[in-house]
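Subject: Structure for you to look at

Hi there,

Here is the structure I promised to pass on. Please open it alongside this note, and I will walk you through what turned up.

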Amino acid sequence: MKWQSPGKNVSKGGNFFTRLIGRLIFWIMGWHIAGEFPDRSKIIVALVPHSSNTDFLLTIAVLWGMGLKSSFLIKHTVFWFPLGHILKALGGIPVDRSSQNGLISQVTEEFQRRSKFILGITPSGTRKKGTQLKTGFAILAVSARIPVLPAILNYQTRTVRFAPLIEDVFDVEKIMMLVRQEAETGASRY
């Protein structure tokens, strides 16, 4: 598999060693990538479906393998010592899902503050089967005017597919519809 080099506008991270580790993990697990990661300085990656703890390992392998620097929202309860330090080093941002703490405005401000920012979100928010996608990522995209990249995990074909970028980020329902369509058809495309 040929790995895509990140474009000049994308937030880059890691080094030769982390790229090698990411690519090796991906190869050992037997996965491949379809589609292209867009050359954008700011982007929300919607990872669907979130069905296994393996999703995290795959995501880190892709990020490291491509040389990308990304952040992700994760429930605050997993930020215990020493795991919390590791998650923060990997780009983790703790979120208390039980409170209304103005998360959308906080992350919108973060997008405005940074010149480059890739944020990965799992719209299902949990690994339970049949879970409906939560609208938070789409509300954030509309609030911050940041395009959404659906990243579809297909465990049958062992493919991570970058779907077409959603740049029309003015309507939450339209974003949700497009991500749902990509998630539902993801298995039938490969």
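Let me begin with Ile104, which is partly exposed because its relative accessibility is 28%, a value between the 20% and 50% cut-offs. Please keep in mind throughout that this is a predicted model. Ile104 sits in helix 4, which covers residues 103-113. Setting aside neighbours within four places in sequence, Ile104 touches Gly136, Ile139, Leu140 and Ser143. Gly136 is 32 residues away from Ile104 along the chain, yet the two C-alpha atoms are separated by 7.6 Å.

Next, helix 2. Its 13 residues, 54-66, should span 18 Å at 1.5 Å a residue, and the C-alpha atoms at its two ends are indeed 18 Å apart, so expectation and model agree. Which residues of this helix are buried? They are Asp55, Leu58, Ile60, Ala61, Val62, Leu63, Gly65 and Met66. The cover over these buried residues includes helix 1 (16-29) and strands 1 (32-34), 2 (42-48), 6 (148-154) and 7 (159-162). Just after helix 2 comes Gly67, with a positive phi near 80°.

Now for the aromatic rings. Searching the whole structure gives 5 aromatic pairs. One of them joins Trp31 and Tyr155: the ring centres are 5.0 Å apart and the planes meet at 85°, so this pair is edge-to-face. Trp31 belongs to the loop between helix 1 and strand 1, while Tyr155 belongs to the loop between strand 6 and strand 7, so the pair ties together parts 124 residues apart in sequence. Trp31 is buried, at 7% relative accessible area, whereas Tyr155 is partly exposed, at 32%.

Phe37 and Phe162 also form a pair; with ring centres 5.4 Å apart and planes at 85°, it is edge-to-face. Here the loop between strand 1 and strand 2, which holds Phe37, is tied to strand 7, which holds Phe162, and the two parts are 125 residues apart in sequence. Are these two rings' residues buried or exposed? Phe37 is buried, with 7% relative accessibility, and Phe162 is buried too, with a relative accessible area of 8%.

On the surface, Leu24, Trp27 and Ile28 make a nonpolar patch of about 400 Å². Leu24 is part of helix 1 and is partly exposed, with a relative accessible area of 45%.

A few details of the backbone are also worth a look. Where are the cis peptide bonds before Pro49 and Pro82? The bond from Val48 to Pro49 is cis, with omega near -15°, and Pro49 is placed in the loop between strand 2 and helix 2. Phe81 and Pro82 are likewise joined by a cis peptide bond, with omega about 0°; Pro82 lies in the loop between strand 3 (71-75) and helix 3 (83-89).

Finally, two arginines have positive phi values, although neither is a glycine. Arg145 has phi near 60° and is found in the loop between helix 5 (136-144) and strand 6; its relative accessible area of 46% makes it partly exposed. Arg158 has phi near 55° and lies in the loop between strand 6 and strand 7. Arg158 is partly exposed as well, at 40% relative accessible area.

Happy to go through any of this with you.

Best wishes

Notes
Residues numbered from 1 in each chain as written. Predicted model: local features only at pLDDT ≥ 70, side-chain atom pairs only at ≥ 80, totals over all residues. Heavy atoms only, no water. Helix = DSSP H or I, 4+ residues; strand = E, 2+ residues; numbered from the N terminus. Expected span 1.5 Å × (residues − 1). Buried < 20%, exposed > 50% of the residue type's maximum accessible area, 1.4 Å probe, protein only. Contact = heavy atoms within 4.5 Å. Phe/Tyr/Trp six-rings, centres within 6.5 Å; stacked < 30°, edge-to-face > 60°. Patch = residues over 30% accessible without salt bridge, like charges linked within 9 Å, V, L, I, M, F, W, Y side chains within 5 Å. Areas by Shrake-Rupley, 256 points an atom, 1.4 Å probe, with all protein chains shown as cover. Salt bridge = Lys/Arg side-chain N within 4 Å of Asp/Glu carboxyl O.
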